[in-house]
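Here is a short set of exercises to work through with the coordinates open. Try each task before you read its solution.

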Amino acid sequence: MKVAVIGTGIAGVSVAKRLAALAHVNVEIFDKSRGTGGRMSVRHAGEHSFDHGAQFFTARTRTFKDFLADYRAAGVVVEWHPKIATLSPAAKLDDRIWREPHFVALPDMNGLCKVISRDLDVRLDTQVHCIEKNDGGWWVKTVKETFGPYDWVVSTAPPEQTRQLFPDNIGHGMDAARFAPCFSLLLGCFGSLPAWDAAVVKDSPINWLAFTDRKPGRNSQPALVAHADGAWSQLQYDTDRDQVKKLLIDAVATVVDIQHDSVGLHRWRYARVTVPLGQDFWINETSQLAACGDWCLGNRVEDAFISATRLAQRFERI
Ligand SMILES: Cc1cc2nc3c(=O)[nH]c(=O)nc-3n(C[C@H](O)[C@H](O)[C@H](O)COP(=O)(O)OP(=O)(O)OC[C@H]3O[C@@H](n4cnc5c(N)ncnc54)[C@H](O)[C@@H]3O)c2cc1C
């Protein structure tokens, strides 16, 4: 059986890895980005490296804990113990305590997806434009090339994008899942810096700050990531990028006094799931199409992994 997987985020590489381990399955993965990781990715700017998507992940299920064990033993995933604060423009700084282990991948957040996909057949920089079926099976099309045929196509793109890839009449029901966007402001910093490594921010357009260079195993000059609040990002979604940068730099300045010599901005259109689908994965066995990802179950890395794992388990019975 030949399967095409769209996406090299944690869901894509996890489902592909499990399927590739089955004797009768041959898997190829496609991603439009230049690197693996999806929303667990890194942006480099000169001497600064920013984890501009997922900041960390937690492991609450036995399945995910067991999966991570080998990667922890190999030093690809480690626990992060930041000095973490709560900040607000109006109030004084408070320390904050995390009550469960928080993990990061090395050397950057995409390190885990990179290692999982190491032996898989991955085509990066390959944006799938549509998929089409004829007698031989499914064909995956980019603007320039056609790949296939495949017996099955599994998409891990957000549901709105998955529906655009799938034929018109297929994919109903995915629409129930909803996302909020997020602007990530990336400041390359110098000079004196605060003692905290990361902070939850209240009463502000931003809700998170982190010096991602201070995570374990990084090799970067001071790199501050500020995440804008989802509702604020939605409101400013089409605002001129320079204006958004200015508003976010001003918001950072109300809670921390720092100097920066580089500024970057990333707009995540589908950042955090606000309403999940509420089922492990989406599948249409007649059409031989399936989809999985965080949006099926929640809004965290672990949700994406669990969704992918449950879909792979279903394939074991096909
Ligand atoms: C700013 C931000 C902060 C976050 N913070 C945290 C956090 O601290 N902790 C946590 O647990 N989670 C966090 N998350 C959520 C977490 O990143 C996601 O839950 C998880 O990474 C989703 O993985 P996924 O594989 O389902 O999707 P994705 O990682 O989005 O992967 C989908 C992949 O599909 C590819 N793709 C899409 N369309 C196409 C196409 N047409 N052709 C080819 N490829 C395509 C994309 O390039 C992408 O690589 C955060 C997310 C963001 C954006």
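**Exercise 1: the overall build**

Task: Work out what share of the residues is buried, and describe the overall dimensions of the protein.

Solution: Keep in mind that this is a predicted model.

Step 1. Start with burial: of the 318 residues in the protein, 53% are buried. The cut-off for that label is a relative accessible area under 20%.

Step 2. Count the secondary structure, and you get eight helices and 20 strands. The radius of gyration is 20 Å, close to the 20 Å that the globule rule gives for 318 residues, so the protein is as compact as a globular protein of that length.

Step 3. Lay the C-alpha trace along its principal axes: the spans come to about 65 × 45 × 35 Å.

Step 4. Now look at the contacts between residues at least 6 apart in sequence: 69% of these join residues at least 24 apart.

Step 5. Finish with surface and charge. About 14,700 Å² is exposed, and carbon and sulfur atoms supply 46% of that. The protein carries 37 positive and 37 negative charges, and their mean positions sit 2 Å apart.

**Exercise 2: backbone oddities**

Task: Find the cis peptide bonds at Pro107 and Pro149, then place the two aspartates with positive phi, Asp125 and Asp203.

Solution: First, the background: most residues other than glycine have a negative phi, and most peptide bonds are trans.

Step 1. Check omega from Leu106 to Pro107; the bond is cis, with a value near -5 degrees. Pro107 belongs to the loop between strand S8 (103–105) and helix H3 (111–116).

Step 2. Do the same for Gly148 and Pro149, where a cis bond has omega at about 0 degrees. Here the proline is in a strand, namely S12 (residues 146–150).

Step 3. Turn to phi. Asp125 has a positive value of about 55 degrees although it is not a glycine. Its loop runs between strand S9 (121–123) and strand S10 (130–134). With 55% relative accessibility, Asp125 counts as exposed.

Step 4. Asp203 also has a positive phi, near 55 degrees. You'll find Asp203 in the loop between strand S15 (198–201) and strand S16 (206–211). Its relative accessibility is 63%, so Asp203 counts as exposed.

**Exercise 3: two hairpins**

Task: Describe how S3 pairs with S4 and how S11 pairs with S12, and say how many residues lie between the strands of each hairpin.

Solution: Take the pairs in chain order.

Step 1. Strand S3 (residues 42–45) and strand S4 (residues 48–51) run antiparallel and are joined by four bridges. For a concrete bridge, pick Arg43: its partner in S4 is Phe50.

Step 2. Two residues separate S3 from S4 in this hairpin, and Gly46 in the turn has a positive phi of about 60 degrees.

Step 3. Strand S11 (residues 137–141) pairs with S12 in the antiparallel sense over three bridges. Val140 has Phe147 of S12 as its bridge partner.

Step 4. The hairpin of S11 and S12 has four residues between its strands. Glu145 lies in that loop. It is partly exposed, at a relative accessible area of 44%.

Step 5. For a distance check, take Glu145 and His129, which are 16 residues apart along the chain: their C-alpha atoms are separated by 9.8 Å.

**Exercise 4: a helix and a loop residue under cover**

Task: Is helix H1 largely enclosed or open, and what covers its buried residues? Then decide whether Asn110 is buried or exposed.

Solution: Helix first, loop second.

Step 1. Helix H1 covers residues 10–20, and eight of its 11 residues are buried, so H1 is largely enclosed by the rest of the structure. Among the buried ones are Ile10, Val13, Val15 and Leu19.

Step 2. Ask what does the covering: the list includes strand S1 (2–6), strand S2 (26–30), H3, strand S13 (152–155) and helix H8 (301–315).

Step 3. Asn110 is in the loop between S8 and H3. At 8% relative accessibility, Asn110 counts as buried.

Step 4. Leaving aside residues up to four places away in sequence, Asn110 touches Thr36, Gly37, Met40, Ser41 and Val42.

Notes. Residues are numbered from 1 along each chain as its sequence is written. This is a predicted model: local features need pLDDT of at least 70, side-chain atom pairs count only at pLDDT 80 or more; totals for chains, interfaces and linings use all residues. Side-chain values use heavy atoms; hydrogens and water are left out. Buried means under 20% relative accessible area, exposed over 50%, partly exposed in between (1.4 Å probe, protein chains only). The radius of gyration is taken over C-alpha atoms; the globule rule is 2.2 Å times the number of residues to the power 0.38. Contact means heavy atoms within 4.5 Å. Accessible areas come from the Shrake-Rupley method with a 1.4 Å probe; for residues, only the protein chains shown count as cover. Lys and Arg count as positive and Asp and Glu as negative; His and the chain ends are not counted. The place of a charge is taken as NZ of Lys, CZ of Arg, CG of Asp or CD of Glu. Two strands pair if DSSP finds at least two bridges between them.
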